[in-house]
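Subject: Structure for your review, with notes

Dear colleague,

I am handing over the structure we spoke about, and the notes that follow it set out what was found. Please read them with the coordinates open beside you.

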Amino acid sequence: MAQRHASLYFFDGNIALMASNNFGEKTVFRVHQSILSHYSSVFADMLTMPPVREAETYDDVPLVYLPDNAEEIESLLKTIYLPRSPPLYPRLTRCAPRIIYHLLNLSNKYEMNELRHDVVLQLEADWPTSLARWDQLEGEIAGLADPDGDSMRYLFPEDPLPDPASAIQLAYECRVPTILPAAFYQLSRLSIRCQPDNPSRCKPWRRTANWGLLTAGDLRRLLLGREGLLQVADSMLATGASDIDSQIHWVVDRCRGSERMEVMDKIREECQSAPDILATLRGRTTTEELLTCQICRRRIRDRLKQVRHAIWTKLPKLFQLED
Ligand SMILES: [Zn+2]
């Protein structure tokens with residue numbers, strides 16, 4: 001015996017959709033053909049087909065059996081009929097990829113492009129596609145943590161933030177390649193010991209990954225990307241150092257070329273041992289006491305900003321995500 005859905009059963013609906021949950025319990029949704037067709041080209045095509053004689057009905061309207069899980073259909077219809085409840089899922093939550101996995105799959109299957117677009121936008125908020133948004137998100141996450149990290153440990157015994165390995169899996173399965181560079185970069189700055197059941201070992205701020213979800217190909221990309229990041233940062237900083245070093249700012253009393261070289265060498269060294277090059281370079285761009293000569297200081301800061309942007313742009317190439 002099928003159950004009518006409590007809220008997604010409209011008295012003036014002109015089509016009934018039936019689906020079963022994992023226990024074989026059937027739910028009927030009574031919705032509108034015009035709405036389904038508006039959001040889904042698959043439904044639009046299906047509903048313009050001439051009605052089959054003796055087609056099955058439910059409550060006097062045509063009945064369509066869907067092979068999908070009833071709970072997944074429920075969340076899909078809710079995003080259409082209850083759009084006043086954004087975001088589609090809570091931001092910055094660990095299980096977000098799992099929550100939206102089915103939503104993306106169904107929106108792919110039924111070609112619901114608007115819905116897919118909204119889901120992808122929200123995913124990209126967790127896995128930014130630009131350096132400016134990445135920095136903004138880093139600030140937001142840092143704001144969640146106590147300076148010594150203790151209060152978060154108390155509030156959340158486990159890592160509460162999105163898992164890069166799940167995001168990578170989702171990106172491949174649901175065809176959302178735009179989130180891959182940020183997810184791989186996030187992985188690249190974690191130690192493999194950063195497991196969800198043992199977040200206390202992890203930096204920055206106890207982020208972890210479900211390493212077991214990664215394929216051999218993902219691990220290969222990760223290793224290549226890690227090496228590539230170090231090489232690119234080092235060669236760009238080396239070039240930067242020689243460019244900057246060719247000038248002495250005579251207007252400034254204490255401009256020393258050797259001092260500049262020293263600072264650039266120090267930054268290069270720091271980057272080679274840092275798991276997170278973008279954060280290391282960013283920290284340096286805001287340090288005030290870099291140099292006595294203000295012009296040199298500004299030149300170095302500008303150079304570090306350029307290097308950060310160049311590294312961000314190269315992420316897809318470094319992690320071999322382009323093919
Ligand atoms: Zn100078």
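Before coming to the strands, one term has to be fixed: two strands are said to pair if DSSP finds at least two bridges between them. With that in hand, β4 and β5, the latter covering residues 61-69, can be called a pair, since they are joined in the antiparallel sense over 2 bridges. Please keep in mind throughout that this is a predicted model.

Overall content

The protein chain holds 13 helices and 5 strands. Of its 323 residues, 29% are buried, and among the contacts with a separation of 6 or more, 65% are between residues 24 or more positions apart.

The sheet

The 5 strands form an open sheet whose order is β1-β3-β2-β5-β4, with mixed pairing. The edges are taken by β1 (3-9) and β4 (57-58), and because each of these has a single partner strand, one side of each is left without a neighbour in the sheet.

Going through the sheet from the β1 edge, β1 and β3 run parallel and are joined by 3 bridges, with Arg4 having Val28 as its bridge partner in β3. Next, β3 and β2 are paired in the antiparallel sense, over 6 bridges, and here Ala19 has Thr27 in β3 as its bridge partner. These two strands, β2 and β3, form a hairpin with 5 residues between them, and in its turn Gly24 has a positive phi of about 80°.

On the way to the other edge, β2 and β5 run parallel and are joined by 4 bridges; Leu17 finds its bridge partner in Val64 of β5. The antiparallel pair of β4 and β5 then completes the order: Thr57 stands opposite Pro62 in β5, while Tyr58 has Val61 as its bridge partner in β5. The hairpin of β4 and β5 has 2 residues between the strands, and Asp59 takes a positive phi near 55° there.

What lies across this sheet? Helix α3 (residues 70-81) does so, passing over β1, β2 (15-20), β3 (26-31) and β5, and it runs at about 115° to β5.

The α8 and α9 pair

Two packed helices are described by the angle between their axes and the distance between the axes. For helix α8 (residues 164-173) and helix α9 (residues 180-188), the axes come within 9 Å and cross at roughly 150°. That angle makes α8 roughly antiparallel to α9, and the crossing of the two is left-handed.

The contact brings Pro164, Ala165, Ala167, Ile168 and Ala171 of α8 up against Leu180, Ala183, Phe184, Gln186 and Leu187 of α9. Sorted by class, this contact of α8 with α9 has 9 nonpolar residues, 1 polar residue and no charged ones.

How many of the residues of α8 are buried? The count is 7 of the 10, so α8 is largely enclosed by the rest of the structure. The buried residues are Pro164, Ala165, Ala167, Ile168, Gln169, Leu170 and Ala171.

Residues with positive phi outside the hairpins

In the loop between α8 and α9 sits Arg175, which has a positive phi of about 55° although it is not a glycine. Is Arg175 buried or exposed? With 11 other C-beta atoms within 10 Å, Arg175 is exposed, given that a residue counts as exposed at 12 or fewer.

A second such residue is Gln320, in the segment after α13; its phi is near 55°, again positive in a residue other than glycine. Gln320 has 15 C-beta neighbours inside 10 Å and therefore counts as partly exposed.

Helix α13

Within helix α13 (residues 294-318) lies Arg299, which is partly exposed, with 19 other C-beta atoms within 10 Å. A residue has to reach 20 or more to be called buried. Arg299 and Arg260 are 39 residues apart along the chain, and their C-alpha atoms are separated by 9.9 Å.

With best regards

Definitions and conventions
Residues are numbered from 1 along each chain as its sequence is written. This is a predicted model: local features need pLDDT of at least 70, side-chain atom pairs count only at pLDDT 80 or more; totals for chains, interfaces and linings use all residues. Two residues are in contact if their C-beta atoms, placed from the backbone, lie within 7 Å. Axes are lines fitted to C-alpha atoms, for helices over the stretch in contact, and angles run from 0 to 180 degrees between N-to-C directions. Angles under 35 degrees count as roughly parallel, over 145 as roughly antiparallel, 65 to 115 as roughly perpendicular and the rest as oblique. A crossing is left-handed if the near helix is turned anticlockwise from the far one by less than a right angle, and right-handed if clockwise. Ala, Val, Leu, Ile, Met, Phe, Trp, Tyr, Cys and Pro count as nonpolar, Asp, Glu, Lys and Arg as charged, and the others, Gly among them, as polar.
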